[in-house]
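I opened this file to keep a short record of my lookups. What did I want to know, and where did I look?

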Protein chains: 2
Amino acid sequence: MVTLKQLAEKLNVSVSTVSKALHGSEEISKDTIERVRALAKELNYQPNKVAISLKSNKTKTIGVIIPNILNHFFAKVLYGVEEEAAQRGYDIIICISNESSDKEIHSFEVLGNGSVDGFIVSAAEETQVKNQTQHIESILRQDIPVVMFDRVLEDIDCDKVIIDDFGASYEAAKHLLAEGRKHIALLSDIEELSVGKLRINGYLKALEEASNYTNGPTMLHVSQKDNIEERIESLFDKHPDIDGILSIDNTTGVVAMHKAVKRGKRIPDDLSIIGFSDENVLPFTDPKLSTIKQHAVDIGKTSVALLIDRLNNRVDGMPVTKTIKTNLVLRGTTK
Amino acid sequence: MVTLKQLAEKLNVSVSTVSKALHGSEEISKDTIERVRALAKELNYQPNKVAISLKSNKTKTIGVIIPNILNHFFAKVLYGVEEEAAQRGYDIIICISNESSDKEIHSFEVLGNGSVDGFIVSAAEETQVKNQTQHIESILRQDIPVVMFDRVLEDIDCDKVIIDDFGASYEAAKHLLAEGRKHIALLSDIEELSVGKLRINGYLKALEEASNYTNGPTMLHVSQKDNIEERIESLFDKHPDIDGILSIDNTTGVVAMHKAVKRGKRIPDDLSIIGFSDENVLPFTDPKLSTIKQHAVDIGKTSVALLIDRLNNRVDGMPVTKTIKTNLVLRGTTK
DNA sequence: CTGAAAGCGCTAACAC
DNA sequence: GTGTTAGCGCTTTCAG
């Protein structure tokens with residue numbers, strides 16, 4: 001890499017003159033500016049980012065810590081984060097916690113050493129379950145801003161970007177009820193997470209409020225290790241009268257649909273299905289799955305915007321929580 | 001952040017003593033080492049990474065440029081990259097080119113300013129189609145190592161990690177032929193890419209070598225904008241005798257399977273299907289899709305290993321190309 | 001209009 | 001065993 005010093009030597013001027021010239025300072029003569037810039041261009045001078053970071057005490061880099069890149073929701077958020085960050089001249093360093101709270105803590109420690117100006121995080125499952133907050137609080141105490149999204153920690157006082165999980169699920173259940181469904185089951189593989197709990201509550205609330213609904217709540221909680229397909233089969237065996245399904249995760253809705261079709265159920269006549277899935281599953285069902293759209297890309301962009309505003313002190317004082325609207329997108333699996 | 005200087009002041013010693021003590025230098029007395037370390041721990045001293053980077057001219061950071069994070073293959077590679085990098089003490093900065101060669105070029109420029117020690121890249125579609133090489137060559141000329149994976153550029157002389165696309169596809173087609181299939185169609189949405197071309201050639205070669213195979217090649221090329229489902233329907237309309245499908249991408253195999261089942265075809269009796277898809281589609285078909293496993297995580301890990309070896313001069317001279325083995329994983333959609 | 005000097009936080013050669 | 005000094009590449013104040 002070519003440095004200011006090298007330019008200065010070739011031009012027989014001082015380093016500071018070169019620096020000022022490149023910044024178009026008023027102090028420097030037009031002529032010198034021209035000469036300096038010409039040579040800089042010729043030699044393809046690029047200011048050393050590390051030196052600038054050291055000097056300015058800003059890295060123009062955001063640390064992004066997500067639980068699982070293989071989950072399409074997080075991949076989409078990351079997409080939004082990258083796009084917005086790039087547009088605003090920020091780089092992103094990513095760490096994948098892999099749902100482990102140790103890895104998450106380690107990532108904060110590693111990037112807390114001046115590598116990034118701030119963090120965007122979604123908590124690992126373990127972090128949420130154990131409600132571990134010290135590592136994030138320690139970062140905040142150092143005045144490094146943190147934005148949490150989706151899987152947020154109640155006890156931490158920082159900017160947050162969430163969707164209205166309760167409301168989204170409530171609305172979806174309401175829709176199924178309005179269709180006249182008599183036995184609506186909830187499918188989930190995320191009951192442990194804050195978002196899972198909220199979605200479950202939305203479903204419960206909707207059922208509770210439905211005066212003419214006689215069945216109690218029916219919930220199937222599967223874990224990653226379970227054989228999801230078997231679990232769903234036995235749900236259908238046990239409750240052959242299920243005529244509505246609300247899947248609050250990425251996968252179970254699609255699987256349930258395939259299993260139902262195989263049993264000869266007509267969709268949506270005999271059974272209505274709504275998923276929290278993403279568009280990426282759309283090619284995989286026919287009719288197409290009705291879903292709650294989470295606007296993951298927006299979540300990413302909003303998180304970046306919030307963080308950068310905070311870095312520039314454009315937001316002051318109290319932490320802010322932004323709620324990104326969801327949409328119930330009705331496709332072929334609902335009436 | 002607490003600095004060496006602050007520690008030095010509190011302890012009434014010099015900055016260099018503190019530095020040496022923390023590194024456990026032989027020069028420093030046991031006693032001083034203890035005192036320094038105790039205070040460092042108490043104040044939670046963390047060496048400033050930016051300063052170390054400036055001094056050492058190494059960032060311990062890898063720039064990763066991928067075309068599309070929403071593609072599960074790249075997400076998996078990224079997973080492998082992150083894991084291996086983290087384990088070796090490297091951070092990764094990611095840029096998403098979004099298949100645009102301008103964005104890719106820009107990412108190289110931005111990160112080329114001393115932000116990273118080396119690059120791991122998979123070329124954007126546009127870069128491959130236009131065969132743009134200058135930006136990468138320019139980086140290599142600055143002695144910044146680059147590892148390309150999957151979508152590599154022939155004309156660039158750097159380390160590469162690929163799979164045997166030709167061989168994998170050849171083997172898969174051979175398998176379908178061995179099953180006695182008489183009309184094997186190839187489905188693709190990546191014909192423009194190097195990997196797509198290689199896979200197509202593998203298929204063609206296998207058919208060519210099959211003396212008792214009378215049909216010519218049947219290929220359906222769809223693009224992202226097409227209605228994939230319609231295109232596949234009309235393929236089946238046009239060639240009702242298709243009894244074997246080789247899908248060389250992530251999606252088309254699954255869609256074809258659903259369409260075929262809907263037409264009353266029995267899988268795998270009437271129709272055999274092999275996809276290049278990932279495990280993430282497995283829950284979505286019944287029987288489960290037979291696939292060519294690409295070991296994406298390995299590709300990521302191997303790329304990191306190669307790059308870091310190159311950075312440490314553990315690999316010398318000529319660029320290396322590593323080929324990661326694929327596996328044909330037979331599940332329910334083949335005999 | 002230009003340059004010298006200090007300093008960001010750290011390391012390391014070289015004194016003492 | 002400890003301290004002084006210089007320097008990584010840059011910005012910025014202050015002198016000239």
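The entries below follow the order of my lookups.

**Entry 1: the model**

I noted before anything else that this is a predicted model.

**Entry 2: how the two chains relate**

I superposed chain B on chain A. A rotation of 180° does it, with 0.0 Å of shift along the axis and an RMSD of 0.1 Å. That is the relation of a two-fold axis. Which residue of chain B comes closest to the rotation axis? I found B:Ile93, with its C-alpha at 2.2 Å.

**Entry 3: the chain contact**

I looked up the contact between the chains next. Chain A puts in 37 residues, and chain B puts in 37 residues. On the side of chain B that touches chain A, I listed the elements of chain B giving two or more residues: H4, helix H5 (72-87), strand E2 (91-96), helix H11 (228-238) and helix H12 (252-262). By class, that side of chain B has 19 nonpolar, 11 polar and 7 charged residues. I also checked the overlap of the two sides. Of the interface residues of chain B, 100% are also interface residues in chain A, so the copies meet through the same surface.

**Entry 4: DNA strand D**

I turned to the DNA. I found 23 residues around DNA strand D, and the closest are A:Leu4, A:Ser16, A:Asn48, B:Ser16 and B:Glu27. From chain A, helix H1 (4-11), helix H2 (15-22) and helix H4 (49-56) each give two or more residues to this surface. From chain B, helix H2 (15-22) and helix H4 (49-56) do so. I sorted the surface near DNA strand D by class: 9 nonpolar, 9 polar and 5 charged.

**Entry 5: DNA strand C**

I repeated the lookup for DNA strand C. It has 22 residues around it, and A:Ser16, A:Glu27, A:Ser29, B:Leu4 and B:Ser16 come nearest. H2 and H4 of chain A, with H2 and H4 of chain B, each supply at least two residues of the surface. Which element gives the largest share of the surface near DNA strand C? I read off H4(B), with 4 residues. The classes here are 10 nonpolar, 9 polar and 3 charged.

**Entry 6: B:His72**

I picked B:His72 for a closer look. It sits in helix H5 of chain B. Is B:His72 buried or exposed? I counted 22 other C-beta atoms within 10 Å, so B:His72 is buried, the cut-off being 20 or more. Leaving aside neighbours within four places in sequence, I found B:His72 in contact with B:Asn250, B:Asp278 and B:Asn280. I checked one of these pairs by distance. B:His72 and B:Asp278 are 206 residues apart in sequence and 7.5 Å apart in space, C-alpha to C-alpha.

**Entry 7: H9 and H10**

I looked at a helix pair in chain A. The axes of helix H9 (residues 165-178) and helix H10 (residues 194-209) of chain A come within 7 Å and cross at roughly 35°. H9(A) passes H10(A) in a right-handed crossing. The contact includes A:Phe166, A:Tyr170 and A:Leu177 of H9(A), and A:Leu198, A:Tyr203 and A:Leu207 are among those of H10(A). By class, I have 10 nonpolar, 4 polar and 4 charged residues in this contact.

I then took the pair in chain B. H9 and H10 of chain B have axes that come within 7 Å and cross at roughly 35°. H9(B) passes H10(B) in a right-handed crossing. Among the contact residues I noted B:Ala173 of H9(B) and B:Ala206 of H10(B). The class split is 10 nonpolar, 4 polar and 4 charged.

Note on methods:
Residues are numbered from 1 along each chain as its sequence is written. Chains are lettered from A and ligands numbered from 1 in the order in which they are written. This is a predicted model: local features need pLDDT of at least 70, side-chain atom pairs count only at pLDDT 80 or more; totals for chains, interfaces and linings use all residues. A residue is near a molecule or strand if its C-beta atom, placed from the backbone, lies within 6 Å of it. Ala, Val, Leu, Ile, Met, Phe, Trp, Tyr, Cys and Pro count as nonpolar, Asp, Glu, Lys and Arg as charged, and the others, Gly among them, as polar. Two residues are in contact if their C-beta atoms, placed from the backbone, lie within 7 Å. A residue is buried if 20 or more other C-beta atoms lie within 10 Å of its own, exposed if 12 or fewer, and partly exposed in between; C-beta atoms are placed from the backbone. Copies are superposed by least squares on the C-alpha atoms of residues with pLDDT of at least 70 in both. Axes are lines fitted to C-alpha atoms, for helices over the stretch in contact, and angles run from 0 to 180 degrees between N-to-C directions. A crossing is left-handed if the near helix is turned anticlockwise from the far one by less than a right angle, and right-handed if clockwise.
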